[in-house]
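Trainee: Can we go through how the labels on this one get decided? I'd like to see the reasoning behind each.
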Amino acid sequence: MFVKSYGSAISGIDAIIVAVEVNITAGIGMYIVGLPDNAVKESQERIRAAFENNSYKMSGKKIVVNLAPADIRKEGSAYDLTIAVAMLGATEQIDPKQLSKYIIMGELSLDGSILPIKGALPIAIEALKRGFKGFILPRENSVEAAVVDGLEIYGVDNIAQVVGFLQGKIELERVFIDTRRLFAQNALKFDMDFSDVRGQAHVKRALEIAVAGGHNVIMIGPPGSGKTMLAKRLPTIMPPMTLKEALETTKIHSVAGKLGSHRGLLTSRPFRSPHHLTSQVALVGGGTSPQPGEISLAHNGILFLDELPEFGRNLLEVLRQPMEDKKIVVSRSKYTVEYPANFMLIASMNPCPCGYYNHPTKECTCSPGAVFKYMNRISGPMLDRIDMHIEVTPVPFNELSGMHQEESSAVIRERIIKARSVQHARFEGSNTHTNSMMSSKQLRQFCHLDDQSLSLLNRAMERLNLSARAYDRIIKVARTIADLDSSENIKSGHIAEAIQYRSLDRASWGE
């Protein structure tokens, strides 16, 4: 007898519907075809044990399982339940007609319990597009899948519940999530606030500009000056994600298996801080079974690289392309996948190996040339792609101990949202969302400079020996400063402030 059930495969961050065809004929043995990996091939032993422990009959005839389309590689154990229900339908232990209504996925334990899967959200989105009635999946993934409105989501604990439901003997409780209410409730909930940071007014100003325009930043300062503390609070001043951004971000984390059992929609912007010993694959994505890397997990949020010179040079160089293109294409001999990577890069570093170069009170113990050598760990092309270089100095005692109330994240965020709304109107109808993403054509269109500004920029270019890319970045930062200032045109003061944020371009740095 021939029966078909439905599961899904993941390609990048999108799902592809997979038809699981089971045909039982005279003969012996079980065969799984359609480019299955070893985990899929091993499913027959898990299914056999689960059937025996739950009193279901395993056919003694020849069983052929085809996973269609057969030219897409099927990976992982999530097809266990899909294959099992198709086999039960082929042996008439459940009604085969019910199988065409649902996507059914889950890993089977030997006792018949169902273990969680990866990528439940993109699978649910694709199931709704393809007109399926519902999605039956492990209970741990049900909240995640229920984010998709219009699709019946049923979370199950064991195979007996699935069979009873398909036989019409039991009713499963449908999982409901009010996505918009959940999003509205949690979008601006944070454990940290910018008011926690004492002093550092100039750094806060620079970071406000960076977030307003989506600019990449590197902070240079001695240990304990507050670089990491400031970086961790950046999500609190970023504009709230739109529902579309939240769904896209959640899809990436779902595919990577980074969502907990009780988390549905990611409502706050991600903050990823990989260790400097992380591998290239972990950073950019890929692997034997392709997974999103840290730069994609930081999509619509922040990628924080603490102690930037400690990262391998080759590791940093792979960031150059996604920083420009806002996506990463991972090409291997057996696959090519594309992951979104629209992140803000926030990096921090000590100014020298000992950490106290240019410190106001502590003496640097590094040998001559050590500072220059330390800075040289970061290539010129990489620094060129970082819009703003900010020097962070230690906070004086009187500012640390003072009772002055610092500005809250909410106040800063309001200014940033206002500046972003100006940019949204400016770039409406294009793929550009922030000033940092402007093309050369848009730069000429929206960034007119008067004679005084041009003269100032010309002197800075000659004195600092800046590249053409650095020239563009200064103008983009100046455009953001003007937006925060509610100024239609870029003025010389905006250019002067933007030039200040190119500290590492100074010839005297590190000498």
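Mentor: Sure, let's take a few labels and set each against its cut-off. Keep in mind that this is a predicted model.

Trainee: What makes K4 and E21 a salt bridge?

Mentor: The closest N and O atoms of the pair are 3.9 Å apart, and the rule asks for a side-chain nitrogen of Lys or Arg within 4 Å of a carboxyl oxygen of Asp or Glu. So K4 and E21 count. K4 lies in strand β1 and E21 in strand β2, so the pair ties together parts that are 17 residues apart in sequence.

Trainee: Why is E21 called buried?

Mentor: Buried means under 20% relative accessible area, and E21 has 19%, so the label fits.

Trainee: And why is K4 called partly exposed?

Mentor: K4 comes to 31% relative accessibility. Partly exposed sits between the 20% and 50% cut-offs, so that's where K4 goes.

Trainee: What makes K251 and D14 a salt bridge?

Mentor: Their N to O distance is 2.9 Å, and the limit is 4 Å, so this pair passes too. K251 lies in helix α10 and D14 in strand β2, so here the parts tied together are 237 residues apart in sequence. K251 is buried at 13%, while D14 is partly exposed at 42%.

Trainee: How do you know that β8 and β9 pair?

Mentor: Pairing takes at least two bridges, and these strands have 5, in the parallel sense, so they qualify. One of the partnerships is G134 with E152 in β9.

Trainee: What makes β9 mostly covered?

Mentor: In β9, 5 of its 5 residues are buried. E152, Y154 and V156 are on one side, with I153 and G155 on the other.

Methods: Residues are numbered from 1 along each chain as its sequence is written. This is a predicted model: local features need pLDDT of at least 70, side-chain atom pairs count only at pLDDT 80 or more; totals for chains, interfaces and linings use all residues. Side-chain values use heavy atoms; hydrogens and water are left out. Buried means under 20% relative accessible area, exposed over 50%, partly exposed in between (1.4 Å probe, protein chains only). Helices (H or I, at least four residues) and strands (E, at least two) are DSSP runs, numbered from the N terminus.
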